[in-house]
Amino acid sequence: MQVLKFGGTSVANSENISKVIGIVRKACLKDQTIVVVSALGGATDMLIDAGRLAAAHDLAYKEKLRQFCVRHHVAVQDLIPAGRQDSLPELVKEKCSELESICEAVFLLRELSPRTQDNIVSYGELLSSMIVSAAFDALLISNRWLDAREIIHTDSTFGFAAPDFDVITALLGDYLAQRPSHLYIIPGFIASDANGVTTTLGRGGSDYSAAIIAAATDATVLEIWTDVSGMMTADPRLVPNAKAIPYISYKEAMELSHFGARVIYPPTIQPVMKKEIPVWIKNTFSPDDYGTLIESSVMENKNTARGISSVGKMAFISLEGSGMVGIPGFSRRLFGALSEEKINVILITQSSSEHSICAAIDEVNAARARNAVDEEFANEILAGKVEPLQLETGLSIIALVGDNMKNHTGISGKMFGALGRNSVNIRAIAQGSSEKNISAVISTADVKKAINVLHEEFFETAFKQVNLFVTGIGNVGSRLMAQLQEQQQYLLDHLRLQLRVVGMCNSRKMVLDEDGISLQNWHEQLAQGTPMDLAEFTAFIEQRKLRNPVFVDVTSSEPVTRCYESLLRKSVAVVACNKIASSSSYENFELLKHLAREYNTSYLFETNVGAGLPIIGTLNDLMRSGDKVNRILAVLSGTLNFVFNNYDGTVSFATIVKRAQDEGYAEPDPRVDLGGTDVMRKILILSREAGYRMEMAEIASTSFLPESCMVGDVASFYREMEKHEDHFLALYRKAGEAGCKLKFVASLENGKASVGLQHISKDHDLFHLYGKDNVVLFYTNRYVQQPLVIKGAGAGADVTASGIFADIIRAARV
């Protein structure tokens, strides 16, 4: 004997029922078969709505019933030729009339008892199974329709009745012996109590019906036919990369189904597990797919975990009080009060101090739970020994499940580490002694991110997905996008990193797309984007809760830097080309670095000094390895070095500055470079990274620009420089007469920093510095006579973009 159960989507319409018939035909060639049928997809919901509307004295119940009846009549007409329908249309009509009478009574009485509701919803499975049986008859396939209420007997707990397995086994055995057939069609979900009153086995109970029948007949296999190809490592609606699970143990399947894996109804496993009957979950719409085979012993699982599941709409209750410590009986009374209200406890955790007991329950029971527990502990609450029950809603439980997790060290650390790095706050943790399940209570808003993070950590050895939000798509930002596109496949192949740009903006437009922005045509998407709104842009990052997020600031905007703090608090990594934050007050600089550490994320700003040169990273390595920086000598402005390397008096100083700006070396406002502000920021950042607590105002700065050049806008700046050409020419000639070059030098010595224009002689380390190059000389306890020198291009869109890119990869690999 084999038992095949078909769910609501499998029998939703005549087309699907025809697929079912084809599957059953093949199955019947192998063995005697019992087919258990659910109601047509959505029919049960229609009946529940009809009953509730009738009880509310709302005539809209009649429309629900009309839709229900029409749907079944249509199924008969579409599925069975008119000449072979026999009395089926009349039978459907008769059942619909019975249903209307019951609902009319509910309407008049304005009362819907659980017993009456069970009676109403039973018509879904009764009619669908009758239609399926008639469809086999029309094709001349012999079968016998069996009313499940004749053989599945339960107690009288309406809505969730408990089956009497011994009685069912005896009744079914007698029935099959007295009414032999090669094929039986039975409605799922419904049963009857000792008085013959209709009961139901709970929503999803058709699976349970099939398992009960399989156990009662010692079936060789139970096949659950649904609309997916077996159980998955995670819900594919939340995790696009979820994988099919070909083999799974009974206990693993029970754990996953209990925590929300909707492919199989949780109680289904128990009856077949006792008899060691294999359960095969198959796809009606892809019958050749392997599906999932559930057995007592399964093939070796290369992953430590088997799957991830979640259940939502949870409430978290906490009973706390100093009067609980060392006093026995509090747990018994708490759970006794909940039991009296028939409230199921899904997860329990208690602190070792005995000061509190916490539990997760269904959110719909939250108010009843509070009333029951507060009433039970009324005297203790009045005496101040116990606090009134604390209640928190909007929560979910996520569960990591797998037989291989037992005695496998590091699983919990791996799970909670991954969640922590992605700012998923855990409210409670529970793990059974079997070590097959690690569960955590989290905010429902974090569920999608949490499941994706865990799936990536435990199942996606192929790659790690990183979601980028790039602000400032200008010259450097555009080069960064080009480099991301060029290296996309390389990173996937060699570093197992999948970098996705999901947000981008310039000063005018922004694009936000959770599914990723095309790196091939991002120009068009940005041009057609919505008006730039920084608050909306950052809100998207915080609310979408995508995994492994990185915020990339390629602007020179102060308002953008004000977003860093809130982003870091959400465990969003920040990669900043923008120097404003790191050169702001020391207090703010330290706060950002502290937040990155506290929230397990990154605050990286390598390109703040020297564009793509590894200056800050090298300095960090020196400090971490125990070296001490005593002196720094540097040329840190690619713009100023370019200007003084190219100015010889043949063309005006203003012309050279304009050329530097046109070639992308200078800041949007060149006065930031020429006035020394940019260099001051850079030496400040290096001083801080070298361990000095320093503020911008402490840096000595000697300006070479006439004061009038610093007044007005950029256009007036260029006009003033033209007026003062003699001043610049005099500076150049004076240096030349001394056999020197002009260099704008930054230095740190004895804890004091300064910047200014200097004459550099031929024997000086800074003399041979050409074009837009930067150079930094570190004099340390280890590099005393001969400094550690870092030299190279210190400006330009490509090298700056590559430095940002390198920081993104560092953030991604944390």
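Which residue of strand 21 stands opposite Thr 471? In this predicted model, the partner turns out to be Asp 553. The pair belongs to a wider match-up, since strand 17 (residues 464-471) and strand 21 (residues 549-553) run in the parallel sense and are joined over 5 bridges.

Strand 17 has another partner as well. With strand 18 (residues 497-505), strand 17 again pairs in the parallel sense, here over 8 bridges. Within this pairing, Gln 465 sits opposite Gln 498 of strand 18. To get from strand 17 to strand 18, the chain passes through helix 15 (residues 475-495), and the resulting β-α-β crossover is right-handed. Is strand 17 itself mostly covered or mostly open? Mostly covered: 7 of its 8 residues are buried. As a rule, side chains in a regular strand alternate between the two faces of the sheet.

Now for the empty space inside. Rolling a probe the size of a water molecule over the atoms shows where such space is left. In this model, the search turns up 1 cavity of 30 Å³ or more, and the volume of the largest cavity comes to about 140 Å³. Its lining is made of 15 residues, and those nearest the centre are Arg 421, Asn 548, Asn 600, Thr 601 and Ala 811. Strand 17 and strand 21 show up again here: along with helix 28 (797-812), they are the elements that give two or more residues to the lining. What is the chemical make-up of that lining? The residues split into 7 nonpolar, 6 polar and 2 charged.

Definitions and conventions. Residues are numbered from 1 along each chain as its sequence is written. This is a predicted model: local features need pLDDT of at least 70, side-chain atom pairs count only at pLDDT 80 or more; totals for chains, interfaces and linings use all residues. Side-chain values use heavy atoms; hydrogens and water are left out. Buried means under 20% relative accessible area, exposed over 50%, partly exposed in between (1.4 Å probe, protein chains only). Helices (H or I, at least four residues) and strands (E, at least two) are DSSP runs, numbered from the N terminus. Two strands pair if DSSP finds at least two bridges between them. A crossover is right-handed if, with the strands pointing away from the viewer, the path from the first strand over the helix to the second runs clockwise. On a 1 Å grid over the protein atoms alone, a cavity is a set of points where a 1.4 Å probe fits but cannot get out, and a pocket is an open set with protein on both sides within 12 Å along at least five of seven lines; lining residues have an atom within 4 Å of a point. Grid points are joined across faces, edges and corners, and a volume is the space filled by probe spheres set on the points. Ala, Val, Leu, Ile, Met, Phe, Trp, Tyr, Cys and Pro count as nonpolar, Asp, Glu, Lys and Arg as charged, and the others, Gly among them, as polar.
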